[in-house]
Amino acid sequence: MRTEAVTLPGSPERPNEDWAAAALPAAGAGGTIVVLDGVTPPAGEDGCVHGVPWFTARLGGALTELSASRRDLTLSGILALAIRRTADAHRNTCDLSHVRTPQATVAMARWDEETVEHLVLSDAALLLAAPDGTVRAVLDDRLDRVPAEVRRSLAATDRLRNAEGGFFTAAADPSVAAHAVTGTSPRAAVRAVAALSDGATRWVELFRAGDWTDLFAILDKEGPHALLHRVRALETADAAAGGTHRWKLHDDATAVYVEL
């Protein structure tokens, strides 16, 4: 089994708000991977004294521990429990009702001898590669369906955050776990799996350098480090050319790859 995880900060002036983990039981019967992408809040009050990196570390740690130890729970059940556990850790010090309370996107996979489970919430991505080379992208496109003119308004976006008809992220309300994109595949139908934050999926979704199969081929042959450096090169070249993506030159970028 081959496992690789790489994360790069978007800026040396800011802490990396992504979080990643891979847990593999010593018996080798299965495992789990987790990638979180912390949602950077706009300047101003968010009701929390801790910040996004604290939140992603707490939530990511809970998701990793629970997905490895609680085989009796589905991934959505684990997400709900991890959100509740994380909220309990700071509800006495922070205003968890604030619409911008720390939150994150989620991509998870868990496997055993028989099945591979997956969960995606918001704009992280999970890729499942079949033995024949077919790559399936598991995506939650609800944020993409929000019109660009709405997303340009912080107030309008806040009204759609974790609301019916809008989009969902892991924040302080465990009920959002029921809105995650989930599913199960036979273990024999999945050769490898990858979890990506949206800083890594820019290679496909922003710069159109290839499709998901092409991206997975880079992970397969060269590893996550090569993918993230290709993204950085595209970002830098785009900015130098006066491109349209300069609103955020570099984003925190994370990729986890596991060959089952």
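What follows is a chat between a visitor and a guide about a predicted model.

Visitor: Let's start with the sheet. What makes it an open one, and which strands are at its edges?

Guide: Five strands line up in the order E1-E10-E9-E6-E7, with antiparallel pairing. E1 and E7 (135-139) are the edge strands, since each pairs on one side only. On average, neighbouring strands are turned by 10 degrees against each other, direction ignored.

Visitor: How do you know that E1 and E10 pair?

Guide: Pairing takes at least two bridges, and 7 bridges join E1 to E10, so they count as a pair. These two strands run antiparallel. As an example, Ala 5 has Val 256 of E10 as its bridge partner.

Visitor: Which helix packs on that sheet, touching E1, E9 and E10?

Guide: That's H7, and its direction makes about 30 degrees with that of E1.

Visitor: How do you know that the length of H7 agrees with what a helix should span?

Guide: H7 has 17 residues, 224-240, and at 1.5 Å a residue they should span 24 Å. The end C-alpha atoms are 25 Å apart, so the two values agree. After H7 comes Gly 242, with a positive phi near 75 degrees.

Visitor: Which residues of H7 are buried, and what covers them?

Guide: The buried ones are Pro 224, Ala 226, Leu 227, Leu 228, Val 231, Arg 232, Glu 235 and Asp 238. Their cover includes strands E1 (2-8), E9 (192-196) and E10 (253-259), along with helices H5 (198-205) and H6 (212-221).

Visitor: Why would nonpolar side chains be found together inside?

Guide: In soluble globular proteins, nonpolar side chains tend to be buried together. Here the largest nonpolar core has 24 residues, and those touching the most other members are Leu 127, Leu 196, Trp 212, Leu 215, Phe 216, Leu 219 and Leu 227. E1, E6, E9, H5, H6, H7 and E10 each supply at least two residues, and H6 gives the most, with 5. A second, separate core has 22 residues, including Phe 55, Leu 79, Ala 170 and Val 176.

Visitor: What does Phe 216 touch?

Guide: Leaving out residues up to four places away in sequence, Phe 216 touches Leu 127, Ala 129, Val 135, Arg 191, Ala 192, Val 193, Ala 194 and Tyr 257.

Visitor: Why is Thr 169 called buried?

Guide: The cut-off for buried is under 20% relative accessible area. Thr 169 has 2%, so it is buried. It is found in the loop between H4 (154-160) and E8 (181-186). Beyond its neighbours within four places in sequence, Thr 169 is in contact with residues including Val 39, Leu 121, Ser 122 and Val 176.

Visitor: What makes the link between the side chains of Thr 169 and Gln 103 a polar contact?

Guide: The distance limit for such a contact is 3.5 Å. The link between these side chains is 2.7 Å, within that limit, so it fits as a polar contact.

Visitor: Are Ser 122 and Arg 208 buried or exposed?

Guide: Ser 122 has a relative accessible area of 5%, under the 20% cut-off, so it is buried. Arg 208 has 63%, over the 50% needed, so it counts as exposed.

Visitor: Where are they found, and what is phi for each?

Guide: Ser 122 is in the loop between E5 (115-121) and E6 (125-129), and its phi is positive, near 70 degrees. Arg 208 is in the loop between H5 and H6, with a positive phi of about 55 degrees although it is not a glycine.

Methods:
Residues numbered from 1 in each chain as written. Predicted model: local features only at pLDDT ≥ 70, side-chain atom pairs only at ≥ 80, totals over all residues. Heavy atoms only, no water. Helix = DSSP H or I, 4+ residues; strand = E, 2+ residues; numbered from the N terminus. Expected span 1.5 Å × (residues − 1). Buried < 20%, exposed > 50% of the residue type's maximum accessible area, 1.4 Å probe, protein only. Contact = heavy atoms within 4.5 Å. Polar contact = N/O pair within 3.5 Å; in protein donor to acceptor, adjacent residues only side chain to side chain. Core = buried A, V, L, I, M, F, W, Y, C linked by side-chain atoms within 4.5 Å. Axes fitted to C-alpha atoms, helices over the stretch in contact; angles between N-to-C directions.
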